[in-house]
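Trainee: I am new to this structure and would be grateful for a close look at a single part of it.

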Amino acid sequence: MNYAVKVHDIKKNFKKSGKIIKALKGVSFEIERGEIYGLLGPNGSGKSTLIRLMSTLLYPDCGKIEIFDHDVLKEEKIVKRMINRVSVEASFFMKLSAIENLRYACGIYGFPFGKSKERILRMLEQVGIPKSRFNDPLENFSRGMQQKVAISRAFLTSPILMLLDEPTTGLDPKAKREVQSMVKDVVREHDATILLTTHDMEEAEKLCDRISIIHHGKIVAEGIPVKLKEEYSAKTLEDVFLEVIGVKIEEADENE
Amino acid sequence: MSEGNALKEFYAGLAVMIRNFDLVKRYWKWEVVFFAYTIANTVTMGFVGKSMGGGNRTILYMIIGATMWSYLSVLFEVLAETVAWERWEGTIEYTFMSPMKRITHLVGTCSFAIVYGMLRTFLMFIIVAPLFGINLASMNMLATLVVLIVASISFTGFGMMGAVLPLISPEKGVQVVHIFQAFILMVSGVYYSVSVMPKWMETLSYFSPATYALEAMRETVLNGEGVGAIMDKLVPMALMGVILLPLGLLIFKWGEIFSKRRGFLKRNG
Ligand SMILES: Nc1ncnc2c1ncn2[C@@H]1O[C@H](COP(=O)(O)OP(=O)(O)O)[C@@H](O)[C@H]1O
Ligand SMILES: [Mg+2]
């Protein structure tokens with residue numbers, strides 16, 4: 001099969017002030033090429049941990065992740081070239097400008113500034129950053145604008161797998177809608193596979209071809225949104241969540 | 001490594017270097033404060049030298065100490081704090097996610113530190129020298145430059161080993177780096193000959209590349225000695241560089257694996 005991602009029985013524990021936190025307790029799933037796959041779960045359910053394991057920033061205790069048939073652990077460098085990521089936190093050098101940040105971000109992927117400059121400017125324009133702000137420190141940008149720059153950064157390296165870790169959390173409704181439609185546009189244009197984590201059910205329904213629900217480090221339901229709703233005879237994904245977990249998603253937050 | 005990949009690594013290293021200069025530019029107020037502090041410290045040491053009598057020679061002895069120490073400190077701090085800095089900015093995961101090799105990352109950081117440190121030191125010397133009417137007539141330029149280069153290589157290895165501390169201990173790493181730095185300052189004879197220390201401390205000084213750097217520097221600047229005459233300092237220093245650089249890289253890589261197991265790369269703990 002043509003899988004972009006294969007996650008097989010991944011487990012990950014953390015030690016925090018003497019206590020053991022079981023962040024992932026045996027997670028398996030697959031994402032097909034070209035899919036927008038949604039990972040839904042409350043805060044602390046293990047979404048970001050999974051994303052970090054895929055981005056080579058964490059090593060699993062056991063299990064295996066393959067990205068386009070390359071083992072994340074054994075073929076780290078190949079995998080790194082195929083992926084990029086947008087996280088909840090903007091994660092920029094806040095005193096540097098959008099251009100300075102993106103020049104660095106492209107540079108460490110091996111693109112000389114001479115070559116990437118045009119693309120950077122075009123990308124920033126495309127995501128709707130006014131030209132007059134290109135050289136402003138990012139600390140003066142709104143959260144929404146920072147997140148747009150983060151999306152630019154991620155797509156500038158032309159990843160074939162994009163990891164979007166709650167890209168719209170904390171944005172105001174307008175910025176949220178903009179970022180969501182941007183994700184759709186950019187996907188169409190770049191022909192990438194997307195893994196999107198969120199705890200926004202509406203967003204998942206709007207964007208994702210297929211979703212899974214993660215709770216306490218375990219996947220508890222998976223399927224196409226329409227089918228899932230049928231299966232649980234629910235009107236919305238929120239109701240599906242309520243059926244599966246027994247509480248509303250807002251009330252299911254785990255110790256953060 | 002293919003030519004294309006080598007070129008990619010080159011651009012990546014360059015990007016690290018440029019980004020560091022961008023940060024210097026954008027944090028210029030901090031730079032001014034830091035620079036003023038270094039100048040004040042160097043001038044103070046110059047006057048300590050003057051008050052001891054002995055004229056130009058004693059003053060220079062102290063100023064060489066202050067200048068070299070500020071240079072080596074910059075090398076050490078830039079490297080040792082690179083991880084801590086990026087964790088604080090929140091960019092660390094993006095830097096570590098990139099396909100750039102770790103050696104490229106660190107060499108890029110070293111290159112920045114050397115260029116930045118040299119510029120800073122040169123500028124400082126230009127400001128401080130007239131204040132004491134310093135006379136450099138006896139200095140051997142070439143030999144002094146050789147000392148600087150060899151010392152830089154040696155010290156960046158030290159810096160890399162320091163850099164691993166914030167990697168494996170997000171909370172205490174930076175403090176330990178500073179303790180380590182203070183300790184090197186104490187045993188390396190920055191403002192005095194290491195022979196004045198108790199025997200056991202003097203023995204420790206032989207393990208610090210700074211000791212050799214300072215002794216060699218004083219020979220070339222004060223006595224005009226050439227490269228041949230300071231071989232006994234250059235060789236141990238170069239040897240330490242040859243050992244410390246790959247060792248530093250190895251330890252750093254080990255630290256990276258450790259922190260990826262424990263989940264320490266993340267911003268907070
Ligand atoms: N680096 C880490 N060190 C210690 N604990 C962590 C780390 N990362 C995540 N955790 C813990 O693992 C659990 C899952 O976290 P996370 O994957 O961030 O959840 P989510 O992204 O779904 O909100 C939480 O209990 C969190 O506190
Ligand atoms: Mg998260």
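Trainee: Why does the distance between the end C-alpha atoms of helix α7 of chain B agree with the span expected from its residues?

Mentor: The model is a predicted one. Helix α7 of chain B covers residues 141–168, which makes 28 residues. At 1.5 Å a residue these should span 40 Å, and the end C-alpha atoms lie 41 Å apart, so the two values agree. The expected span counts one less than the number of residues, because that is how it is defined. At the N-terminal end of α7(B), N140(B) acts as the cap. A side-chain oxygen of N140(B) is placed 3.3 Å from the backbone nitrogen of L142(B).

The setting of this helix includes a partner chain. In chain B, 36 residues are in contact with 37 residues of chain A. Together the two chains bury about 3400 Å², and 58% of that lies on carbon and sulfur atoms. On the side of chain B, R26(B), Y94(B) and M97(B) lose the most area to chain A, jointly 25% of what that side buries.

Polar links also cross the interface. The rule finds 7 salt bridges between chain B and chain A, and E9(B) meets K77(A) through side chains in a salt bridge at 2.7 Å, N to O. Residue pairs in polar contact across the interface number 20. The helices of chain B that each supply at least two residues to the side touching chain A are α1, α4, α5 and α11. Of these, α1(B) gives the largest share, 12 residues. By type, the residues of that side are 15 nonpolar, 5 polar and 16 charged.

Key: Residues are numbered from 1 along each chain as its sequence is written. Chains are lettered from A and ligands numbered from 1 in the order in which they are written. This is a predicted model: local features need pLDDT of at least 70, side-chain atom pairs count only at pLDDT 80 or more; totals for chains, interfaces and linings use all residues. Side-chain values use heavy atoms; hydrogens and water are left out. Contact means heavy atoms within 4.5 Å. Buried area is the accessible area (1.4 Å probe) that two parts lose on being put together, summed over both. A salt bridge is a side-chain nitrogen of Lys or Arg within 4 Å of a carboxyl oxygen of Asp or Glu. A polar contact is a pair of N or O atoms within 3.5 Å; within protein, one must be able to donate a hydrogen and the other to accept it, and residues adjacent in sequence count only if both atoms are side-chain atoms. Helices (H or I, at least four residues) and strands (E, at least two) are DSSP runs, numbered from the N terminus. Ala, Val, Leu, Ile, Met, Phe, Trp, Tyr, Cys and Pro count as nonpolar, Asp, Glu, Lys and Arg as charged, and the others, Gly among them, as polar.
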